[in-house]
Structures are given as C-alpha cells and as structure tokens.
Amino acid sequence: MNISILGVGMTKFGELWDLSPTKIARVAIEEALLSSRVEPRQIEAAFVGNMLSGILGNQENLGSFFAEHKGFANIPAFKLEGACASGALALHNAVNSILAGVYKTVLVLGVEKMTDHESGDVTSALMAAGSEAERLAGATFPGLYALIARSYMQKYHITEEDMAYVAVKNHYHGSLNPKAQFRFPVTVAQVLKSTKIADPLKLLDSSPVSDGAAAVVLTSDPRLISKIKTPVHILASEVATDTLSLHKRKSFTSLEAAVIAGEKAYKKAGVGAKDIDVAEVHDCFSIAEIIALEDLGFSQKGKGAKDIKSGKFTLGKSSGLVVNSSGGLKACGHPVGATGVKQIAEIVEQLRGDAGQRQVRGAKIGLTHNVGGSGAVAAVHILGI
C-alpha cells in the first residue's frame, strides 16, 4: 500500500506574540489543505502532536479542540504526546491507522505555543519528559545534554570548538529559510563567546524556545495521489524507546532508541544510510546532532563532529547528504510539538524541488529523526519520490 503525503503547511517559527495557538494551527492546516488539493470534508481523521498545552496552557483534549476547524468537528481526532517527538509520533500513528485500513486520508498537525510563558515555567514543563529522579536532583535538559557532551568529548577527544560547527552549519542553512526563527549566520567565535547555559554547552549550542505549527495531509487513496504532480511516499515509519533516566542507559554517547528506530526504518524502506540525500535530525543541542549522525550511520563513531567541521553535510559544500537544510531545531526553531511535523514538511519540499535557496539538488530520498526527552523515545521516517 502506498501512503503518500499530498500537501504540507507551516507557519514561520519564532516568537509569535500576536498569534494564538488556534491561529497558528489554522495557518498550517489551511496551507496543507491548499497544497494537497483536498477539501476539509475529505479528511477522515486528525492527529495532533503537542507536548505542553496541558502544563502551560491548561488546555487538553487537543484533538477535539483543533477538530473544530473548518468542518473537522465530527471526525475522530487524537492528541499524541511524546515530549519533543510528539509530532513524529502523531505522524507514526496516522500512518499505522491508514495501514490498518481504518482511514484513507488524514491530517497530521504539530503545534506548540511556548513564548507566552516565563522561561522558568517552560524549563520546568519540559522536564516533565524526564524522570522523577532527574527532577528531584534539579536536572534540566541543558544539564543532561551537557553530561552527554562532556562524556562524548572525553571519549572521542573533541573540543568545544569542534562542536561549534554544528551551529555554524545550521545557522547558514537557516539564513536561507524564510520560515526560520533565526535567519542569520554565526561564526565559530560567536558560538564560543556566547553565554554558558550548562558547561560545555552555550547559548548558540542550544535550540530556542519557539512558537509554531506544521501540518501534513497524507492518504492511501490512489485518486487523490494521482492529482498531485509529485506525491511523496512514506517508505518507513519507525519508533523505539529507551529509559527515561539518562543514568540508566547503556551509553551516554549514543541513543539506543534512535539506533533501533533507524535500523528498522532502513530495513523497511529497503535503503541504507548511503542512499539518503537530505536529512532533518534532532539538534536540540549541538552534541545531539553529532550523535544523531553516528546513530543513523551517516558518520563513523567519534567522527560526527569532524565530518560537520569538514563541510560534509553543508549545502553547497557537500557532494552527498545535506543535514538540517531547514536550519534544524537550532536555527529554524523548536516549538516542541511541531518539530517532528516540520521536519517532514522540509523533506517533502526538498523532494519536490520546492525548497528555494536551500534546495538540495537531485534529492530523491529523505529521512527525519525526532527525539523525545534525552533519548527516551525516537522516531525515524524515510520518504521518497
């Protein structure tokens, strides 16, 4: 069965002070419907990825909340939550529902409104994705990823300067993306001089607090697929989990959930790491992208930072795979529930040749890698034309 993405929609990511969650969702949904050539009445179910609406906004039941939009009120609608992987989990469940024959045409929405709240409240809310032991110890996700970074630096003998090239690459890509939160390049010196958040991670090693929404329409209906000039097919959708607590993991320098999800996705799609032309990976912190490249087989163990530094994954420098052409979480922004769907939207635009200045030439197969917490859940999708 072919499951194809007909259309995508996305707001600009950033500090969207004047827009409510309903408004940003509406913008993404309307754009996705328009590009898919699907009427609202043709949508049979909706899947919403979101993490923080209940904690920060005191609004749950988001499936029904957003299903009120444009005639969706009578369809089945579901909220999926898996920390920062909520968007990818919404897509995964949508795909499986189509595979099960329950629905043919569905909408997936990822949405988050974070900047309306105090930074301390946001930090505390995000730690709901961690373990009780970590919260009682006063840990934050910057602190947990700092432990990961320090462990990796000691094991593979890389420096803070080596890590800084992740932000340099992704800010360059973000400068080419009209919907990115930060549309400006940065230098290694600027990264190294930026404020320490959790040693060795600095402000410019870290993804920002963001608002935004992204939506996709997917279907197995051949009649709808035939109307689209370049339908993008979902070749694989895989999810794996690990322990909530970082200290219970087998390794601090690899996310086992991502390794397992990636291996399953490659097998399901019938491709390997060498076949991927463009990838969106979860760079919540610089070290996260470095480890993701190795977990997914794009770099050898311990070589991820050096490969990024060499320009191996940079648009215009790479002769092969380009990573985080959108700017990644670092420059495009990270409204946590929306990120996994945004990654899909970016890959769809790349495979259709609609990515403008950041277009990866000849891209035919793309991958997304979306992580929740410090690696407690990971989702990998592979798309192709």
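## Strand β7, two cores and the cysteines

Strands β1 (residues 4-10) and β7 pair up antiparallel, with 6 bridges between them. Keep in mind that this is a predicted model. Besides that pairing, there are two separate nonpolar cores to look at, one of 62 residues and another of 37, and a disulfide count of 0.

**Strand β7 and its partners**

- On the β1 side, Gly7 has Val217 of β7 as its bridge partner.
- β7 also pairs with strand β4 (residues 105-112), again in the antiparallel sense, and here 8 bridges do the joining.
- Within that second pairing, look for Leu109, whose bridge partner in β7 is Ala215.
- How many of the residues of β7 (residues 212-219) are buried? The count is 8 of 8, so to speak a strand that is mostly covered.
- Both faces are covered: one side carries Gly212, Ala214, Val216 and Leu218, while Ala213, Ala215, Val217 and Thr219 sit on the other, and all of them are buried.

**Helix α8**

- Helix α8 covers residues 160-174, which makes 15 residues.
- From first C-alpha to last, α8 reaches 22 Å, close to the 21 Å expected at 1.5 Å a residue.
- Its buried residues are a mixed bag: Met163, Ala164, Val166 and Ala167 are among them, and so are Asp162, Lys169, Asn170, His171 and His173.
- Gly174 of α8 is buried too.

**The nonpolar cores**

- In the largest core, with its 62 residues, the ones with the most contacts inside it are Ile276, Ile287, Phe298 and Ile382.
- Helix α7 (residues 141-156) gives the most to this core, putting in 9 residues.
- Which residues does Phe298 touch, leaving aside neighbours within four places in sequence? Its contacts are Tyr266, Ala273, Ile276, Ala279, Leu293, Asp307, Lys312, Phe313, Leu321 and Leu367.
- Apart from the largest core lies the one of 37 residues, which includes Ile5, Val95, Leu176 and Val216.
- Nonpolar side chains do tend to be buried together in soluble globular proteins.

**Cysteines**

- There are 0 disulfides here.
- Why is Cys284 not bonded to Cys84? Cys84 has the closest cysteine sulfur, but that is 6.8 Å from the sulfur of Cys284, so the pair is too far apart for a bond.
- Cys284 counts as buried because its relative accessibility is 6%.
- Cys332 is in no disulfide either, with the nearest cysteine sulfur, again that of Cys84, 15 Å away.
- Cys332 has 0% relative accessibility, so Cys332 counts as buried.

Methods. Residues numbered from 1 in each chain as written. Predicted model: local features only at pLDDT ≥ 70, side-chain atom pairs only at ≥ 80, totals over all residues. Heavy atoms only, no water. Helix = DSSP H or I, 4+ residues; strand = E, 2+ residues; numbered from the N terminus. Expected span 1.5 Å × (residues − 1). Buried < 20%, exposed > 50% of the residue type's maximum accessible area, 1.4 Å probe, protein only. Pairing = 2+ DSSP bridges. Core = buried A, V, L, I, M, F, W, Y, C linked by side-chain atoms within 4.5 Å. Contact = heavy atoms within 4.5 Å. Disulfide = S-S within 2.5 Å.
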